[in-house]
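Hello,

Here is the structure for you to look over. My notes on its helix packing follow.

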Amino acid sequence: MLALLAAVMMVDSQSELPVGVIEPYSWGSNTIPVHGKGVPGTEVVDAAVIEAMRKDGIVGCGVCICKGDTILYRKGFGYSELPNQPFLPTTSTRCGSLAKSITSLCALVLMDKGLLKLDEKVLPILASIGIVPTPIDERVSQIRVRDLMDHTSGLPAGATYTSWRPNRNLIEALKLDQKPTSKDVVLDALSTSKLLFEPGTSFEYANANYVILARIVEAKSKMSFNEYLTKVAMPKFGVAAGSIFVSKDQISPEDPARGITEAAYYQTTTERYESFLPEDTARGKVFGEAYRGYSTECADGAGGISISADGLARIIANLDSRECSLSAQSVREILTPPAYYKRQKGFDPSRSGYYSKGLIVRYSGGQPWFSHGGMTQHCGGVIGYNAGYQFAAVSNWNSVKAPNVDSMLDHALGQAVGKIVLR
């Protein structure tokens, strides 16, 4: 595998850049490579993506455009690994919170199989796989599966969802001598969190909800989350295992744990994270987020899934197909606003957007459209829509400045698809 640029070497010194961290990237006068195909009339998308990449310094991204159940455009731009490995529409990257949409679909597939009920209480299901928290808040016992999926559990945004977050390193907090697991995350989140409200009565976006939901999938499927994701749920949507998987914790781009289709990661912020490795924690080492600093395996269902733009587009196209892989009941669950919305003054599901089952739903032209964004310090992804088109994009880069790469791509693609004139 090609070596990274000299400025991106693994270092111990706090004064140098950790692996995956680069100075703000500049394309200069260099040509941005493009790989893939689009139907005639979609060239405006090429121009918009290239302009955004050149303006903001995006290293690489994959983009797909759907019209109904047809994928019209599949292209990759820039590099999946510097200095010259191309980014393809089939290149996968961690997609941040877009993982929630995917995890929710896994749960709905289980429901369609008769293995899961969305009104089931969460704690008994977790107990069946040996996860028995000791909550400081008795209302935790009232959390249902649908509350996790709709972010109505009452868990706060700061509830534990990975091995490290500000002021809480699970290695130290739980006195672990090995890497924290997703089960450790769930135990800590449910044991130490004070709920913000009674489950089901309001909304609070919390990553912990979806790490817990991934454990529900494991309990009901009797498989690991990654195995169910790649071998059972996603093939139903036409997504091959090589295009989607739980991204393994990696210490460098050369780590053999890196997926076959997975890009290397880059961030321009020097914010440092405590390592997911106990030996690093014991030595007081901190790293950039992408390598050693963020446990994707712990955060799997909330933000640790890697997927390609092509894989996301296949999911979107499937949801818009007459032969959708979900049952009519599951589709109704997505399209039905959670109960608490009905109590909001002025809420009208035909005009107001709402969060349901891992997707943001909004009606336009009399039909529903789906969106969601996701980012970490080193990557991002988005699904969105405009002018009758749905689009999907993933990137192996993120910037220290706002907006983040998911918002950058959402803006560029939203503007571009409004100008498509198919020939």
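A crossing is left-handed if the near helix is turned anticlockwise from the far one by less than a right angle, and right-handed if clockwise. Helices here are DSSP runs of H or I, at least four residues, numbered from the N terminus.

The model is predicted: local features need pLDDT of at least 70, side-chain atom pairs count only at pLDDT 80 or more, and totals for chains, interfaces and linings use all residues. Residues are numbered from 1 along each chain as its sequence is written, and side-chain values use heavy atoms, without hydrogens and water.

Helix 6 and helix 7:
Helix 6 crosses helix 7 with left-handed sense. Helix 6 spans residues 182-192 and helix 7 residues 208-221. Their axes (lines fitted to C-alpha atoms over the stretch in contact) lie 10 Å apart, at about 125 degrees. The two are therefore oblique (angles outside under 35, 65 to 115 and over 145 degrees). Contact means heavy atoms within 4.5 Å. Helix 6 brings S182, K183, V185, V186, A189 and L190; helix 7 brings A208, V211, I212 and R215. By class, that contact has 7 nonpolar, 1 polar and 2 charged residues.

Helix 1 and helix 13:
The axes of helix 1 (residues 43-56) and helix 13 (residues 405-417) come within 9 Å and cross at roughly 150 degrees. That makes the pair roughly antiparallel (over 145 degrees). This crossing is right-handed. V44, V45, A48, V49, A52 and D56 of helix 1 touch M408, A412, L413 and A416 of helix 13. The split is 9 nonpolar, no polar and 1 charged. Ala, Val, Leu, Ile, Met, Phe, Trp, Tyr, Cys and Pro count as nonpolar, Asp, Glu, Lys and Arg as charged, and the others, Gly among them, as polar.

Best wishes

Technical notes
Axes fitted to C-alpha atoms, helices over the stretch in contact; angles between N-to-C directions.
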